[in-house]
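Hi everyone, thanks for coming along. Let me put today's protein up on the screen, and then I'll walk you through it.

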Amino acid sequence: MKKLPVSIFVLAGLSATATQAQQKMGDEANSDMAAKPAAGAQANHVTKGTVKKVDIKAGVVTLAHEPVKSLGWPGMTMGFKVPDKALFDKLTEGAQVEFEFRQIGKDYVIGAVKSPGQYLSRP
Ligand SMILES: [Cu+2]
């Protein structure tokens with residue numbers, strides 16, 4: 001009977017490790033920072049916001065975003081890094097977007113953007 005809880009614990013540990021390994025592999029550009037073992041640092045967060053300012057050269061967008069439950073954040077206006085320049089097609093001033101980001105070191109980095117309006121107008 002004592003073996004059961006132990007094996008469950010081992011399985012949970014293995015799957016967490018596999019998830020972290022996958023996230024690191026998908027993030028090679030930031031691999032040195034992503035290697036930091038800080039808890040929650042590699043989690044993806046999702047929220048909505050309005051684009052206030054865009055600086056494509058610097059790869060930065062300023063968003064007035066809604067609260068982010070997974071970080072305990074209230075709504076606020078702040079800058080996010082955007083390594084993928086193609087995302088600036090959707091990050092235009094005044095656009096209302098839903099986006100996914102993660103914390104990498106001291107930066108908040110946007111990994112994906114979708115326009116909610118895009119989906120609302122579909123039948
Ligand atoms: Cu914020």
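I'll start with the overall layout, then go along the strands, and finish inside the core. Please keep in mind that this is a predicted model.

So, what does the secondary structure come to? We have three helices and five strands. Reading from the N terminus, you meet two helices, then the five strands in a row, then a helix to finish. Of the 123 residues in the protein, buried ones make up 12%. And if you take the contacts with a separation of 6 or more, 42% of them are between residues 24 or more positions apart.

Now look at β2 with me. On one side is strand β1, residues 44-55, which runs antiparallel to β2 and is joined to it by six bridges. One pair to look for is T50 with its bridge partner A64 in β2. Four residues lie between the strands of this hairpin, and G59 there takes a positive phi near 70°. β2 also pairs with β3, residues 76-81, again antiparallel and with six bridges; here T62 has G79 as its bridge partner.

Which face of β2 is covered? That would be the one with V61, L63 and H65, while V60, T62 and A64 sit on the uncovered face.

V61 and L63 bring us to the largest nonpolar core, which has twelve residues, F99, F101 and I104 among them. β2, β4 and β5 each give two or more residues to this core, and β4 gives the most, with four.

Last stop: L91, another core member. Beyond its neighbours within four places in sequence, L91 is in contact with V51, V54, V61, V82, V97 and V113.

Technical notes
Residues are numbered from 1 along each chain as its sequence is written. This is a predicted model: local features need pLDDT of at least 70, side-chain atom pairs count only at pLDDT 80 or more; totals for chains, interfaces and linings use all residues. A nonpolar core is a set of buried Ala, Val, Leu, Ile, Met, Phe, Trp, Tyr and Cys residues joined through C-beta atoms within 7 Å. A residue is buried if 20 or more other C-beta atoms lie within 10 Å of its own, exposed if 12 or fewer, and partly exposed in between; C-beta atoms are placed from the backbone. Two residues are in contact if their C-beta atoms, placed from the backbone, lie within 7 Å. Two strands pair if DSSP finds at least two bridges between them.
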